[in-house]
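Got your viewer open? Load the model below, and let's walk through it one selection at a time.

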Amino acid sequence: MAALSRTLLLLLVSALIACSGGDAPDRIVEGVNLTSLFAPPTQAEIDAVEEEWSRRDVSAQGVEIVATNTEGDLEVVVVAHTVGGVRHYGAFLVPVGAQPGTLPMLVYAHGGDGGADVDDLLPLLPFLLPGSLDSFVFVVPSFRDESLVYDGVAYRSDGPASPWDYDVDDAVALLN
């Protein structure tokens, strides 16, 4: 079985190397040049992004606790704050009795643009991370133009949706 696994791995690596050949023609899909779109960034592009990001303030301003409740072994704390002039919501799921600053944080950076639903997440956590509920503070950000749902209430974050840019700022501000 191990020999078969090694052989399959070798075939996969060989196929990937063959497919990454240098002089392939540009791949155009519906008028978009995917070869250019997914080309590695130039140093000038990297420098421009780093410079732009260095000017951003991702500190959380006006932090306010808007809801808190105990759900089994976790305390749920929903907070509101402002980041980049935009009102934002997030939740912390903290093991009951945990001392501040003693546990690592695990961010639930949900996919899609439908927001985050703590009510749906809570019953899943014991199955997703069995035996770990007391080992982490779970951080659940909503992002701009999305809702965070907890206890049947939808807390809607302000601002235009920005999945390719400002979602990271929103999550970092919540962590801050």
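One term before we start: contact here means heavy atoms within 4.5 Å. With that in hand, here is a packing statement to keep in mind: the buried residues of H6 pack against E4, E5 and E8. We'll come back to that helix shortly. Bear in mind that this is a predicted model.

**The whole chain.** Start with everything in cartoon. You should find 6 helices and 10 strands. The protein has 176 residues, and 28% of them count as buried. Switch on a surface and you are looking at about 11400 Å² exposed, with carbon and sulfur atoms supplying 61% of it. As for contacts with a separation of 6 or more, 59% come from residues 24 or more positions apart.

**The open sheet.** Next, select E3, E4, E5, E8 and E6. Those 5 strands make an open sheet in just that order, E3-E4-E5-E8-E6, with mixed pairing. Color strand E3 (61-71) and strand E6 (105-107): they stand at the edges with a single partner strand each, so one side of each has no neighbour in the sheet. Look along the sheet and you can see the turn between neighbouring strands, 25 degrees on average with direction ignored.

Zoom in on E6 and its partner, strand E8 (residues 137-141). How do E6 and E8 pair, parallel or antiparallel? They run in the parallel sense, over 3 bridges. To see one of the bridges, pick Met105, whose bridge partner in E8 is Val137.

**The helix on the sheet.** Now add helix H6 (residues 166-175). H6 packs on the sheet, where it touches strand E4 (74-83), strand E5 (86-95), E6 and E8. Its direction makes about 120 degrees with that of E4. Show side chains for Asp167, Asp169, Asp170, Ala171, Ala173 and Leu174, which are buried in H6. These are the residues from the opening statement, packing against E4, E5 and E8.

Stay on Asp169, in helix H6. Why does Asp169 count as buried? Its relative accessibility is 10%, and the cut-off for buried is under 20%. Which residues does Asp169 contact, leaving aside neighbours within four places in sequence? Select Arg56, Val58, Val83 and Arg144 to see them.

**The hairpin.** Move on to strand E9 (residues 147-150) and strand E10 (residues 153-156), which pair in the antiparallel sense over 4 bridges. Ser147 stands opposite Arg156 in E10. The two strands form a hairpin with 2 residues between them, and Asp151 in the turn has a positive phi of about 55 degrees.

**Two more positive phi values.** Just select Asp145, in the loop between E8 and E9. Its phi is near 65 degrees, positive in a residue other than glycine, and Asp145 is partly exposed at 35% relative accessible area. Then jump to Glu30, in the loop between strand E1 (28-29) and strand E2 (32-33). Phi of Glu30 is near 50 degrees, again a positive value in a residue other than glycine. Glu30 is exposed, with a relative accessible area of 81%.

**Last stop: a nonpolar patch.** Select Val32, Leu37 and Phe38 with the surface on. Together they make a nonpolar surface patch of about 330 Å². Click on Phe38 to finish: this residue lies in the loop between helix H2 (34-37) and helix H3 (43-54). Phe38 is exposed, with a relative accessible area of 64%.

Methods:
Residues numbered from 1 in each chain as written. Predicted model: local features only at pLDDT ≥ 70, side-chain atom pairs only at ≥ 80, totals over all residues. Heavy atoms only, no water. Pairing = 2+ DSSP bridges. Axes fitted to C-alpha atoms, helices over the stretch in contact; angles between N-to-C directions. Patch = residues over 30% accessible without salt bridge, like charges linked within 9 Å, V, L, I, M, F, W, Y side chains within 5 Å. Areas by Shrake-Rupley, 256 points an atom, 1.4 Å probe, with all protein chains shown as cover. Salt bridge = Lys/Arg side-chain N within 4 Å of Asp/Glu carboxyl O. Buried < 20%, exposed > 50% of the residue type's maximum accessible area, 1.4 Å probe, protein only.
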